[in-house]
Amino acid sequence: SSPLRTKKLEELELLFCNFHHLVNKFRPHQALETLIQMVKIQKDQKMNLIEQINSKMECARAGLHTTINSLPSTLAVDFSSEELDESMKDDSDNLQCNRAEEFDNILCDVEMLIDKQLHNT
């Protein structure tokens, strides 16, 4: 209960209060970094999935070419393998564009939410 002890306790209390304030100030930044890492992981997972799908499509395309080429020449085929390639490529491009647009929309939504949170604090 000496005056020196009381002064030191007040200083410690102020120090802990300042630490608490600094930790709370860091939370939005930490949350933003966590979201960025989560989105990067999701992006990588989706890119890997797209690569796997493209690989499977190439295998299917090769099998289809083999099948078409092994058909008897007397059997009329209404499309050439180039037309088939172009059709499958268009479908693949559309799928990638749609997924990319969906991912961009998600990122924009996350960014807007983060901006709102930062401006409200």
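These exercises work through a predicted model of one protein chain.

**Exercise 1. Describe the overall make-up of the chain.**

Start with secondary structure. The chain holds two helices and zero strands. Next, take burial. Of its 121 residues, 9% count as buried. Then take the surface. About 10,200 Å² is exposed, and carbon and sulfur atoms supply 59% of that area.

**Exercise 2. Compare the span of helix α1 with the expected span, then locate its bend.**

Step one: find the limits. Helix α1 covers residues 3–70. Step two: take the span. The 68 residues of α1 reach 99 Å from first C-alpha to last. At 1.5 Å a residue, 100 Å is expected, so the two values are close. Step three: look for a bend. α1 bends by about 35° at Arg27. A proline, Pro28, follows within four residues.

**Exercise 3. Find the salt bridges and classify their residues by exposure.**

The whole structure has two salt bridges.

- First pair: the side chains of Glu11 and Lys8 meet at 3.9 Å, N to O. This falls within the 4 Å cut-off, so the pair counts. Both residues lie in α1, three residues apart, about one turn of the helix. Glu11 is partly exposed at 37% relative accessibility. Lys8 is partly exposed too, at 48%.
- Second pair: Glu58 and Arg61 bring their closest N and O atoms to 2.5 Å. They also sit in α1, three residues apart. Glu58 is partly exposed at 46%. Arg61 has a relative accessible area of 12%, under the 20% limit, so Arg61 is buried.

Now check Arg61 against the buried residues of α1. They are Val39, Ile50, Met57, Arg61, His65 and Ile68.

**Exercise 4. Which residues form the nonpolar patch on the surface, and how exposed is Leu15?**

List the members first. They are Leu9, Leu12, Leu15, Phe16, Phe19 and Leu22. Together they have about 630 Å² of accessible area. Now take Leu15. This residue is found in helix α1. Its relative accessible area is 43%, so Leu15 is partly exposed.

**Exercise 5. How many disulfides does the structure contain, and how exposed are Cys17 and Cys59?**

A disulfide is a covalent bond between the sulfur atoms of two cysteines. A search of the whole structure finds zero. Cys17 is partly exposed at 49% relative accessible area. Cys59, at 55%, counts as exposed.

**Exercise 6. Relate Ile36 to Leu107.**

Place Ile36 first: it lies in helix α1. It is partly exposed, at 32% relative accessibility. Leu107 is 71 residues away along the chain. Their C-alpha atoms are separated by 9.4 Å.

Technical notes. Residues are numbered from 1 along each chain as its sequence is written. This is a predicted model: local features need pLDDT of at least 70, side-chain atom pairs count only at pLDDT 80 or more; totals for chains, interfaces and linings use all residues. Side-chain values use heavy atoms; hydrogens and water are left out. Patches are made of residues with over 30% relative accessible area and no salt bridge: like charges are joined within 9 Å, nonpolar side chains (Val, Leu, Ile, Met, Phe, Trp, Tyr) within 5 Å. Accessible areas come from the Shrake-Rupley method with a 1.4 Å probe; for residues, only the protein chains shown count as cover. Buried means under 20% relative accessible area, exposed over 50%, partly exposed in between (1.4 Å probe, protein chains only). The bend at a residue is the angle between axes fitted to the seven residues ending there and the seven starting there. A disulfide is a pair of cysteine sulfur atoms within 2.5 Å.
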